[in-house]
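Student: Could you take me through one part of this model at close range, and then work outwards from there to its surroundings? I'd be glad of one connected account.

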Amino acid sequence: MRLLRRHFPIRRVILIVGLVAAWCALWNRLSVANVASGLLAAVVVSHRSIGPPGIGGIRLRPLLKLGVIVGQDLVMSTFNVAYEVITPTDYTEEAIIGVDLPSNARAHMMLIAVAVTVTPGTAVIDVDPDTSRIYLHILHAERAEATAEHVQELAELACRALPMPTDSEVPS
Amino acid sequence: MSPVAAAFVLLGSFVSLLSGIGVLRFRTPYARFHAAGKASPIAFLLVAIGASLETGWAGRAEFVVVAAALVLTLPVAVHLLFRAVHRTEPVPIGRDDLAADTGIDPD
């Protein structure tokens, strides 16, 4: 039992369940053979030597909040860009702004960049991991301050949702 | 096809159409990428929602996997396009913090 728990901690079990679900979804059918082959594949890819390092924790509530905010952004800014496309006068005034993120957001750069880029109207052009500064292209320069604040809020939420051990403990 | 599913599919196609018009209308490459790369996941999500109302659970599961793959990978592709343009032929725009910080002159 202890051996089982050592090799299959709860984090790995959740990962395996998710992978098997994705496997069955791809095969389009829930059958014994699919579940068995999916389990085999999931156990192999989640092995310690190839799987994710498994550092840091997951907090569901901030993660959900992050998802909701990104979803809202997605809908709102689609309307925004659609409006710019439909109306004859072009009100866009582009700008590339640098936003400083908290230094503990370094490990979450990927998540933050995807969350920012997935919403139309803002896109990540470059990321400087040394200074944790992120460069965004925005369609409305007058909303630069509001956008910067919004991105910082997203970064803070990402840090709370997926807390990481302090920098010195993270193997680089 | 139920009216709700049809409405979703139509709305998705409409967003797709708008993004196509946006590609033609916006002036700079950056703005065009916004129209082309960003609207397409939303268009796909809308069409997928509409279609998954019609298909069974197996089809829905497949849509979830495809949608997740698209939403997670497309931003990376769009980001690379933006960066490639900025690094090779930067277009002068009103305010450019990146050019200012890295010392590239977009003119």
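**From a buried aspartate outwards**

Tutor: Happy to! The side chains of A:Asp73 and A:His150 are joined by a polar contact of 2.7 Å. This is a predicted model, so a word on confidence will follow once we have the picture together. A:Asp73 belongs to helix H4 of chain A. Is A:Asp73 buried or exposed? With a relative accessibility of 17%, A:Asp73 counts as buried, because the cut-off is under 20%.

Helix H4 of chain A leads us on to a neighbouring element, helix H5 (residues 109-117) of chain A. In H5(A), 7 of the 9 residues are buried, so the helix is largely enclosed by the rest of the structure. The buried residues are A:Met109, A:Ile112, A:Ala113, A:Val114, A:Ala115, A:Val116 and A:Thr117. What covers these buried residues? From chain A, the cover includes helix H4 (60-86), strand E2 (122-128), strand E3 and helix H6 (144-161). Chain B takes part as well, and its H2 and H3 are included in the cover.

Two of those covering elements, E2(A) and E3(A), bring us to the sheet. Four strands form an open sheet with mixed pairing, in the order E2(A)-E3(A)-E1(A)-E1(B). Its edge strands are E2 of chain A and E1 of chain B, each of which pairs on one side only. Starting from the E2(A) edge, E2(A) and E3(A) run antiparallel and pair over 6 bridges. Within that pairing, A:Ala123 has A:His137 in E3(A) as its bridge partner. Next along, E3 (residues 133-138) of chain A pairs with E1(A), again in the antiparallel sense, over 6 bridges. Here A:Asp100 stands opposite A:Arg133 in E3(A). E1(A) then pairs with strand E1 (residues 95-96) of chain B, in the parallel sense and over 2 bridges. A:Ile96 stands opposite B:Asp96 in that pairing. As for E1(A) (residues 95-100), 5 of its 6 residues are buried, so this strand is largely enclosed by the rest of the structure.

The sheet has carried us across to chain B, so let's look at the contact between the chains. It takes 39 residues from chain A and 36 residues from chain B. About 3,200 Å² is buried between the two chains, and carbon and sulfur atoms give 65% of that area. B:Arg25, B:Phe26 and B:His34 supply 18% of the area that chain B buries against chain A, more than any other three residues.

As for polar links, the rule finds 1 salt bridge across the interface. In a salt bridge, the side chain of B:Arg87 meets that of A:Asp126 at 3.2 Å, N to O. The two chains also have 4 residue pairs in polar contact, counting pairs with both residues at pLDDT 80 or more. On the chain B side, helix H1 (3-25), helix H2 (29-54), helix H3 (57-88), E1 and helix H4 (97-102) each supply at least two residues of the surface that touches chain A. H3(B) gives the most to that side, with 15 residues.

Finally, the confidence I promised. Chain A has a mean pLDDT of 78, and 88% of its residues reach 70 or more. Confidence in chain A is highest in helix H3 (residues 32-45), with a mean of 89, and lowest in helix H1 (residues 2-7), with a mean of 74. Where pLDDT is low, predicted coordinates should not be read in detail.

Conventions. Residues are numbered from 1 along each chain as its sequence is written. Chains are lettered from A and ligands numbered from 1 in the order in which they are written. Side-chain values use heavy atoms; hydrogens and water are left out. pLDDT is the predictor's confidence in each residue, from 0 to 100. Buried means under 20% relative accessible area, exposed over 50%, partly exposed in between (1.4 Å probe, protein chains only). Two strands pair if DSSP finds at least two bridges between them. Contact means heavy atoms within 4.5 Å. Buried area is the accessible area (1.4 Å probe) that two parts lose on being put together, summed over both. A salt bridge is a side-chain nitrogen of Lys or Arg within 4 Å of a carboxyl oxygen of Asp or Glu. A polar contact is a pair of N or O atoms within 3.5 Å; within protein, one must be able to donate a hydrogen and the other to accept it, and residues adjacent in sequence count only if both atoms are side-chain atoms.
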